[in-house]
Amino acid sequence: MPTFCRHNRLVENCPICSKKEQVSSPTRSVARRPSRPAGSTAVRAPRKSVSSGMTVRRVQRAPDDGYEHDLIPGLRSSVDAGRLADELAFSAARLRELSDAPPGLYGEVAGMGDREEAAWLTFLIAFFSPLDAGDPWVGIAAARTTWASGELPDLEGVQTGPRTAFDPKRGAAALVAYRAWAERLGGQIPALAGEETWTLQHRYDRAFERLGLPGFGRPQRMEFLILAHRLGLVELDPWTMHLAAATPTDPVALSAKRLLGIGDPVLLQRRQRELAHGVDVPVESLDLALYNWAAPADAERYTAGATVALDAGERDRIARALGL
């Protein structure tokens, strides 16, 4: 029999109820996918690999020979420990050279009467990084400008070292931000020195924090402050490597976690100091040492513009402290 809806129309003729009937009807046809023949195998389209753009740098491991030491609980190879002794000795010698007889542009910084010009050149050294082959200073010397001129370095075709902060995508962003920061605080030296009441450690920490400029990462900030301290521009105490501010691919942070056998930032900070004090080298020497230690064993050591040779006596002393 015909069915009438609440609108007094045949259900199939009602513009409202006919739609509801179609949705709720159990007899409406449902399109089905054709079934596959028995025994057939589904063929899936190959997935496209998606790259995250991140490069993972794996630290080489020497064979486990049973080596153990409390200062570097993550190592099980005396070969790796021996390489660490080499790099710690070289890095410590480089710091002494910076303080006593700085070479190249380091020496120019130390001899400048104008401390603002000296600080600007120091920043450019940390920003561009000395080259790892040939004349380490040629790239910085070609691009440098004076602080008084207010001009930014010429970045067109600039030669940079392996620890540079320069990124063509960012351009001069860090340089512009640095000048603005220093001018806002009355100059570079006052900006680095901060308050007179600050301790040397607090001054170092605050300067490191304030230098968080676009693209100016942990390695460059630490290098800049080490140079400023060693070359006599401002007195600081670089008591930590600030690994909590490291990027996931920072080779120094990766090496520290492996050597010290811990990833927790607080324990990592404590153990890095214990290692430095245990082998009697400045904490800041760990930065360049771990950078070189992370490189392949057959790679040339990055000197960062230093001219010193590894002190065999100091190397042997560090090796003994590491139980070698």
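This is a short selection tour through a predicted model.

**Whole chain**

Start with everything shown as cartoon. You should count 13 helices and 0 strands. Read along the sequence, the pattern is α-α-α-α-α-α-α-α-α-α-α-α-α. Now colour by burial. Of the 324 residues, 44% count as buried. Contacts reach across the sequence too: among those with a separation of 6 or more, 67% join residues 24 or more positions apart.

**Helix 2**

Select residues 78-100. This is helix 2, with 23 residues. Put a distance between its end C-alpha atoms and you get 33 Å. At 1.5 Å a residue, helix 2 should span 33 Å, so the two values agree. Is helix 2 mostly covered or mostly uncovered? It is mostly covered, with 17 of its 23 residues buried.

Add Ser77 at the N-terminal end. Ser77 caps helix 2 there. A side-chain oxygen of Ser77 lies 3.2 Å from the backbone nitrogen of Val79.

**Helix 2 against helix 9**

Keep helix 2 and add residues 218-230, which form helix 9. The two helices pack at about 45 degrees, and their axes are 8 Å apart. That angle makes helix 2 oblique to helix 9. Show the side chains where they meet. From helix 2, take Arg94, Leu95, Leu98 and Ser99. From helix 9, take Glu223, Ile226, Leu227 and Arg230. By class, this contact has 4 nonpolar, 1 polar and 3 charged residues.

The spacing of such residues follows a rule: an α-helix has 3.6 residues a turn, so residues three or four places apart point the same way.

**Glu223**

Zoom in on Glu223 in helix 9. Is Glu223 buried or exposed? Its relative accessibility is 14%, so Glu223 counts as buried, the cut-off being under 20%. Which side chain does the side chain of Glu223 meet in a polar contact? The partner is Arg94, at 2.6 Å. Leaving aside residues up to four places away in sequence, Glu223 touches Arg94, Tyr106 and Ala126.

**Asp250**

Move along to Asp250. Asp250 sits in the loop between helix 9 and helix 10. With 4% relative accessibility, Asp250 counts as buried. Follow its side chain: it reaches the backbone nitrogen of Val252 at 2.9 Å. Then look for partners beyond four places in sequence. Asp250 touches Arg218 and Pro219.

**Helix 10 against helix 11**

Select residues 251-260 for helix 10 and residues 265-279 for helix 11. Their axes come within 10 Å and cross at roughly 80 degrees. The two helices are therefore roughly perpendicular to each other. Helix 10 supplies Ala256, Lys257 and Leu260 to the contact. Helix 11 supplies Leu268, Arg271, Gln272 and Leu275. The classes are 4 nonpolar, 1 polar and 2 charged.

**Helix 10 against helix 12**

Leave helix 10 on screen. Swap helix 11 for residues 285-294, which are helix 12. How do the axes of helix 10 and helix 12 cross? They cross at roughly 85 degrees and come within 8 Å. That makes helix 10 roughly perpendicular to helix 12. On the helix 10 side, show Pro251, Val252, Ser255, Ala256, Arg258 and Leu259. Facing them in helix 12 are Asp287, Leu290, Tyr291, Trp293 and Ala294. This contact divides into 8 nonpolar, 1 polar and 2 charged residues.

Finish on Ala256 in helix 10. Ala256 takes part in the contact with helix 11, and Ala256 also meets helix 12.

How values were computed. Residues are numbered from 1 along each chain as its sequence is written. This is a predicted model: local features need pLDDT of at least 70, side-chain atom pairs count only at pLDDT 80 or more; totals for chains, interfaces and linings use all residues. Side-chain values use heavy atoms; hydrogens and water are left out. Helices (H or I, at least four residues) and strands (E, at least two) are DSSP runs, numbered from the N terminus. Buried means under 20% relative accessible area, exposed over 50%, partly exposed in between (1.4 Å probe, protein chains only). A polar contact is a pair of N or O atoms within 3.5 Å; within protein, one must be able to donate a hydrogen and the other to accept it, and residues adjacent in sequence count only if both atoms are side-chain atoms. Contact means heavy atoms within 4.5 Å. The expected span of a helix is 1.5 Å times one less than its number of residues. Axes are lines fitted to C-alpha atoms, for helices over the stretch in contact, and angles run from 0 to 180 degrees between N-to-C directions. Angles under 35 degrees count as roughly parallel, over 145 as roughly antiparallel, 65 to 115 as roughly perpendicular and the rest as oblique. Ala, Val, Leu, Ile, Met, Phe, Trp, Tyr, Cys and Pro count as nonpolar, Asp, Glu, Lys and Arg as charged, and the others, Gly among them, as polar.
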